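Please look at the sequence and the structure shown here, and follow the description from one part to the next.

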Amino acid sequence: MSGPNRHVVRDADELDLVSADLVGETINANPTARIVAATGRTPMGLYATLAGRRRDDTLDTSGITIYQLDEYLGLEPDDGRSLFGWMRRSVLEPLDVPEERVRRLPLEGDLDAGCTAFDAELDGRGPLDLAILGLGLNGHLGFNEPPSDAASGTRVVQLSPMTIQANSDYWGPDAGVPAAAVTMGMHHLLSARRIVLLVSGAGKHAIVRRALEGPVGPDVPASFLQQATGDVQVVVDRAAWGEG
Ligand code: PGA
């Protein structure tokens, strides 16, 4: 275990290019890669860059499978705040991934049973090939809010006030952010063969340092990346990383 490999990049453009190279390398080596793809602001330029490479025929995404990372509970399917809707617009449509190659989180019925079935499907097919993740201001990965331990499975979670506040920036102050969600658990994220964590902006400085250099534990779920056994690649801009 060698620990995360860090790429400190100049700005958002370089973040998109470096992360697109890492993701492209994974897909080129394994055209049927199983990938969990985060929403959030940080990876949007990455997905646009990958879409451009697909259009240029330098990237073949026709065989990949996309797993849903997280979703709010209690929304109608066509609600503008749906993270699945965001993923459809930013990942599935631009990369031309059809519904049958998407694995969705359970949002209805017996959620505990649905989460168990989701994890069983993951377990049955082996580790994910790639996890594309952002970093929450509180150190969350997906909606694995603190405290989340490394073995946690897919489950229903209550969102912290900090995450609700951060997510309200996506939808506007009056839209409201649901307080409950479903998230893929830490276990399957941490066991991915490759993890690409994207971090941008001065607002993430303290938390990215804590996650990568601080003590490892459930209070900063992303700190478990220090112990992940796969290939962990952190692409962080200078504003977030600072000097040194
Ligand atoms: P962001 O979200 O990319 O919009 O900063 C990251 C996260 O909360 O996981």
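In this predicted model, a backbone N or O atom of arginine 41 lies 2.8 Å from an oxygen atom of the ligand. Side chains take part as well: an N or O atom in the side chain of histidine 140 is 2.8 Å from an oxygen atom of the ligand, and a polar side-chain atom of lysine 204 lies 2.7 Å from a ligand oxygen atom. Taken alone, the ligand exposes 280 Å², and the protein buries 82% of that area.

Which residues are found around the ligand? They are Gly40, Arg41, Thr42, Gly134, Leu135, Gly136, His140, Tyr170 and Lys204, and this shell divides into two nonpolar, five polar and two charged residues. As for the place that holds the ligand, it is the largest pocket.

From the ligand we can turn to the sheet, for which a general point is helpful. The strands of a sheet pair through backbone hydrogen bonds, and this pairing can be either parallel or antiparallel. Here seven strands form an open sheet with parallel pairing, and their order across the sheet is E1-E10-E9-E6-E2-E3-E5. At its edges lie strand E1, with residues 5-9, and strand E5, with residues 102-103, each of which pairs on one side only. Within the sheet, strand E2 (residues 34-37) pairs with strand E3 (residues 65-67) in the parallel sense over three bridges, and isoleucine 35 has isoleucine 66 in E3 as its bridge partner.

The loops contain two details of the backbone that deserve a careful look. In general, most residues other than glycine have a negative phi, and most peptide bonds are trans. Aspartate 57, which lies in the loop between helix H2 (44-55) and E3, has a positive phi near 65 degrees although this residue is not a glycine. In another part of the chain, the peptide bond from proline 146 to proline 147 is cis, with omega near -5 degrees, and proline 147 belongs to the loop between strand E6 (130-134) and strand E7 (155-158).

Notes
Residues are numbered from 1 along each chain as its sequence is written. This is a predicted model: local features need pLDDT of at least 70, side-chain atom pairs count only at pLDDT 80 or more; totals for chains, interfaces and linings use all residues. Side-chain values use heavy atoms; hydrogens and water are left out. A residue is near a molecule or strand if one of its heavy atoms lies within 4 Å of it. A polar contact is a pair of N or O atoms within 3.5 Å; within protein, one must be able to donate a hydrogen and the other to accept it, and residues adjacent in sequence count only if both atoms are side-chain atoms. Accessible areas come from the Shrake-Rupley method with a 1.4 Å probe; for residues, only the protein chains shown count as cover. On a 1 Å grid over the protein atoms alone, a cavity is a set of points where a 1.4 Å probe fits but cannot get out, and a pocket is an open set with protein on both sides within 12 Å along at least five of seven lines; lining residues have an atom within 4 Å of a point. A molecule sits in a cavity or pocket if more than half of its atoms lie within 2 Å of its grid points. Ala, Val, Leu, Ile, Met, Phe, Trp, Tyr, Cys and Pro count as nonpolar, Asp, Glu, Lys and Arg as charged, and the others, Gly among them, as polar. Two strands pair if DSSP finds at least two bridges between them. Helices (H or I, at least four residues) and strands (E, at least two) are DSSP runs, numbered from the N terminus.
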